[in-house]
Amino acid sequence: MPAIDWTGGSGRPGVEHGWLSFPDPVFEGWRWPVIRIRGDAPGPHLCITAGVHINEVSSIRAAQSLPAAIDASGLRGTISILPIVNQPAAYTFAKAVVPIDGKNLHFSFPGAADGSFTERLAHALIHEWFADADMVIDLHGGDFGEEMARYVVCQRNGSARFDDRALDLAQAFGADLVVALKPDQMAARGRCCTALAPMGIPALVSEAGDNGAADDDAVAWHVAGVVNVARRMGMLPGSAHPRPASPVIDTYLWITAPKQGLLETRFAAGDRVRQGQLLARLRDPFGAVLADVLAPVDGYAMFRISLMFVAEGDLVTAIGVPEDPRPQSTTSQQPTTEEV
Ligand SMILES: [Zn+2]
């Protein structure tokens, strides 16, 4: 099991700092900063992670801000925080991936005990770090060239009791949109919430932030969401319902560029879009139109790619389709780049 070398407190009561290490020899020389907020009373264990995508800095700052935002004397239970999960990408340049093997941890869960570095890290997080968690929240949002709608993702496992709990905690976060992935997603590798659902551990991925830049408003959004979920779990005093229920999305369509070109988008992240709406235009270097990208369905633009130069197959956005009793002919598929 993982070991923590506690190096001290932050000067705030109930808050400790240390370094986490995993026993797998592939992690020799690697350790992860860990922050623990321990309440005065026993209660649930809430695990927070950030920095799976190293440039999504608003989410990293939010994870680091939690000890200042949460009064440990009013806390029931423990909040464990790994603010910089992708340690190999820190102090270097990497977009979306763990540079040791070039894989995207975010879509590698549940990983593999005998796999590459990223696969083993995913496996260690799921089976060692999160094993005794009552709830997990993985903070994300807005790598270079990405502008995010403010949403959370949870995974259903098909058990009515679990699914109700997962959706209730997702709604408690206070996001603009809630993506509730269908149980069939669990057959494929995916986000941490997808790997934790079969174990009966509810989890959320929260998304807010833009273009690899720190943004105080996005930081505050992530922090408020974590506090809301902790309230809903009975860990903190106060109400967890800051707003009406968010629209629930159960189908997530990745929209990619049909050819290489200069991308000119015509929407903002979070926009409600209609089937057939012009989302983007691809031009050649002289301005001639190469192709139009139209919305294939009604839904919400979950993010906007803000880069000018895109290759064929690169992401433009994803359309989140609200729950609908009518059968869908399309299913969510992941793009080859799997960046967001
Ligand atoms: Zn991310």
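## Exercises on helices H5 and H1

At 1.5 Å a residue, the 17 residues of H5 should span 24 Å, and its end C-alpha atoms are indeed 24 Å apart, which agrees. Here the expected span is 1.5 Å times one less than the number of residues, and helices are DSSP runs (H or I, at least four residues), as strands are (E, at least two), numbered from the N terminus.

This is a predicted model: local features need pLDDT of at least 70, side-chain atom pairs count only at pLDDT 80 or more, and totals for chains, interfaces and linings use all residues. Residues are numbered from 1 along each chain as its sequence is written, and side-chain values use heavy atoms, with hydrogens and water left out.

**Exercise 1.** Work out how the axes of H1 and H5 cross.

*Solution.* Start with the axes, which are lines fitted to C-alpha atoms over the stretch in contact, with angles from 0 to 180 degrees between N-to-C directions. Those of H1 (residues 57-69) and H5 (residues 216-232) come within 8 Å and cross at roughly 55°. Next, compare the angle with the classes: under 35 degrees is roughly parallel, over 145 roughly antiparallel, 65 to 115 roughly perpendicular and the rest oblique. H1 and H5 are therefore oblique to each other.

**Exercise 2.** Find what follows H5, and which residues of H5 are buried.

*Solution.* Look just past the helix: glycine 234 follows H5, and its phi is positive, near 80°. Then check burial (under 20% relative accessible area, 1.4 Å probe, protein chains only). Among the buried residues of H5 are Trp221, His222 and Asn228. The cover over the buried residues of H5 includes H1 and H3, where contact means heavy atoms within 4.5 Å.

Methods. Buried < 20%, exposed > 50% of the residue type's maximum accessible area, 1.4 Å probe, protein only.
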